[in-house]
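Here are my notes on this one, point by point. Have the model open while you read.

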Amino acid sequence: MTATAPRPRRSPRSRRTVLVTTTAGLLLLALMIVRVLVGTPMVPLDLALRAIGGEAVPGYSFIVMDHRLPTAVVALLAGAAFGLSGTVFQTLLRNPLASPDVIGVTLGSSAGAVIAMAFFQADGRALFWFALLGGLLTAMLLVAVAGAGGPGASGGADNRFVLVGIGVAAALGALISYLLTRLSLQSAGDALHWMIGSLSSSTWDRAAVLAGALVVLIPVLALLVPRLRILQLGDDTATSLGLSAPRTRVALILVAVTLCALTVAVTGPLAFVAFLAGPIAQRLAGRPSFPLAAAVGAVIVLLADIAGQNLFGGTELPAGVITGALGAPFLMWMLTRTPTSGSGR
Amino acid sequence: MHRSTPLVLAGGLLALAVACLLSLMIGARTVSPSTVVEALRAYDGSLTDHVVIRSRLLRTLAGIAVGAALAVAGAAMQGMTRNPLADPGILGINAGATTAVVAGVYLIDASQVAQFTALALLGAALGTVVVYAVASLGREGATPVKLALAGAALTAGLGSVVNALVMIDDSSLDRLRFWQVGTLGARSLADISRVGVLMAIGAVVIVLMAGVLNALALGDDAAVGLGVKVGRARALLGTAIILLCGAAVALAGPIAFLGLVVPHAARLLVGGDYRRIVPLCLLGGPVLLLLADTVGRVIAPPAEVQVGVMTALVGVPVFIVVIRTRRQVGL
């Protein structure tokens, strides 16, 4: 039962998508270069290129190869993963407000990771499994509690799902606050630092973990997206086209939660990136676009990281603080514009 | 029909007495009811039990004050915004107050409850105004889902700011991580009474305006038809809510969901009339908070689970039930 998407003709809108996505790609490249060159100390372009080429440039090789370049790569991958994850949730639930960071999935992953840190002194790979477990349990809880017939099945914007998510997020927040009081001051500080979301401890290992996961998950997502588009036509249409609506939903949620949890395990929850990427991409392209959402997510994370590193004098603010502080006003602005009880899109 | 109100209120008083007694008795060192009575009648500072009860007495008083304040504030918010999901935690008022307090600890090294109170009131007021203004913009006005989302957005955004401040300064972290979770312990009688006065003012205003709440709950047009000056009533009620929430945050930290749960429970018992709901909240809020606090003391020995965590455990299922039973009506 393979359902293939109706292949769209090259309309002006799709040309616009290609144009915008190309621009976003170039912007990403530029931001990566800025991330590598700018900071204290500034790295001249030719020295950076020689360092990347493998030459040992005294004083610069370490900064470029072991610090800034892996950070830029992690930022790129994390932003893309959050952007994709958020867009899957938003599309599936037919509600731009239903991103994993608003409905508590990200917090579920955070809680899982903090539990792992608090009780099992876990880090690295173990942290990922706990984050994944936390995210999946939260998603299952949401579906079980909010979904009569599955999320999005009712058609129209699924506000109930979002509201239940807000409640679950609040409970998880209380749980995390409690866990923080059970840790030593040192570990509490570490956990808190991690929970803000930061790229400062990015390494090639972490970049490789993220890259590996994306290499597997993006093709899976690419296979699922056409089905997602069919699901959006309604369950009846999907069924008549031979698509199992519940199974497709579960697969999509699994992919989205895995993307989100993995990234949370590597960088911590970068607040609102998953929420922002999809709607911005849609506004730019005039229609929903997954590749563009990934690119926008990456641009947001890179910009936030560059801003946090350079704009506040001596203090380096983690990227999560920037995305959180700027994402909240954007969410509020969207609230004033989105007809929440209408179709959502 | 609903049970007669005097009977329910009498039951509420009895429940409050039991909750107080339990709160005085139970903890790491459990004492008998007779010892509690004895300690209250003739305090003897040389007896360990009496000293324990004395410290629990302060905690119980704080619990009564905070519980009543949050429950009444929640009831008023639900009536005034016609929003079944209204709660100081969900609508971001706690977040505003918390952020102001954290900023105070970090920037001016605040440590006195009086300073906390001033900051928390300021923050609560700002949070309320921002959330209500944001939710009111747009075509539909302040729907429950928009209020809840605006509150969640404010909470998340301010959370980033709080985390950034706390992260820079370890000593603030140590003070704040315990306060931030919502706890009743370690307050002096002077602090409680000072903050209690503010709460009393707020509570009295809301009790007196319970009839107005009934009118507002019917919608603005109906309220105007009933002769209510809607703008003035909202301003008065809003001020009272801010007083109650800010004072509660200053005394106990941000405690969520109590303001959601208690009014709904009261509504189940006595129906939709705020002239009955509000007095019942005055009793029910302390009962629930004291019970949550008492259970939290013994649920995970030797440590205590803070009362804010306990109220979230109780409150989230209720929150979800409210959403589910309301279906899409008004949500």
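1. Where in chain B is confidence lowest, and where is it highest? The low end is α7(B), with a mean pLDDT of 72, and the high end is helix α13 (residues 274-298) of chain B, at 91. For the record, pLDDT is the predictor's confidence in each residue, from 0 to 100. Helices (H or I, at least four residues) and strands (E, at least two) are DSSP runs, numbered from the N terminus.

2. Some housekeeping. This is a predicted model, in which local features need pLDDT of at least 70 and side-chain atom pairs count only at pLDDT 80 or more, while totals for chains, interfaces and linings use all residues. Residues are numbered from 1 along each chain as its sequence is written, and chains are lettered from A and ligands numbered from 1 in the order in which they are written.

3. On scores, the model gets ipTM 0.77 and pTM 0.82. Chain B has a mean pLDDT of 84, with 97% of its residues at 70 or more. The stretch to treat separately is residues 327-331 of chain B, where pLDDT stays under 50. For those residues the model has eight contacts beyond four places in sequence, a contact being two residues whose C-beta atoms, placed from the backbone, lie within 7 Å.

4. Now the make-up of the chains. Chain B has 14 helices and zero strands, and its radius of gyration is 20 Å, close to the 20 Å that the globule rule gives for 331 residues, so chain B is as compact as a globular protein of that length. (The radius is taken over C-alpha atoms; the rule is 2.2 Å times the number of residues to the power 0.38.) Along its principal axes, the C-alpha trace of chain B spans about 65 × 55 × 35 Å. Chain A also comes with 14 helices and zero strands.

5. Burial next. A residue is buried if 20 or more other C-beta atoms lie within 10 Å of its own, exposed if 12 or fewer, and partly exposed in between, with C-beta atoms placed from the backbone. By that count, 55% of the 331 residues of chain B are buried, and 55% of the 345 residues of chain A are too. As for sequence range, take the contacts in chain B between residues at least 6 apart: 76% join residues at least 24 apart. For chain A, 76% of the contacts between residues at least 6 apart join residues at least 24 apart.

6. The interface draws 46 residues from chain B and 45 residues from chain A. On the chain B side, α5 (113-136), α6 (144-168), α7 (170-179) and α14 (307-326) each supply at least two residues. The largest share, 17 residues, comes from α6(B). By class, this side of chain B has 30 nonpolar, 10 polar and six charged residues. Here Ala, Val, Leu, Ile, Met, Phe, Trp, Tyr, Cys and Pro count as nonpolar, Asp, Glu, Lys and Arg as charged, and the others, Gly among them, as polar.

7. Have a look at helix α1 (residues 5-25) of chain B. Its 21 residues should span 30 Å at 1.5 Å a residue (taken times one less than the number of residues), and the end C-alpha atoms are indeed 30 Å apart. Gly12(B), Leu16(B), Ala19(B), Cys20(B), Ser23(B) and Leu24(B) are its buried residues. Seen down the axis, they fall within an arc of 130 degrees, so they line one face of the helix; the arc is that of the directions from the helix axis to the C-beta atoms. Their cover includes α2 (33-41), α3 (48-80) and α13 of chain B. On the other side of α1(B), Leu7(B), Ala10(B), Leu14(B) and Ala17(B) are exposed.

8. Two loop residues in chain A deserve a backbone check. Arg94(A), in the loop between α3 (61-92) and α4 (100-103) of chain A, has a positive phi near 55 degrees without being a glycine. Arg94(A) is buried, with 20 other C-beta atoms within 10 Å. Phe272(A) has a positive phi of about 75 degrees and is not a glycine either. Phe272(A) sits in the loop between α11 (245-267) and α12 (273-285) of chain A and is buried, with 32 other C-beta atoms within 10 Å.

9. Last, Phe116(B), found in helix α5 of chain B. Phe116(B) is buried, with 25 other C-beta atoms within 10 Å. Leaving aside residues up to four places away in sequence, Phe116(B) touches Val101(B), Ala110(B) and Ala250(B). Phe116(B) and Gly246(B) are 130 residues apart in sequence and 9.1 Å apart in space, C-alpha to C-alpha.
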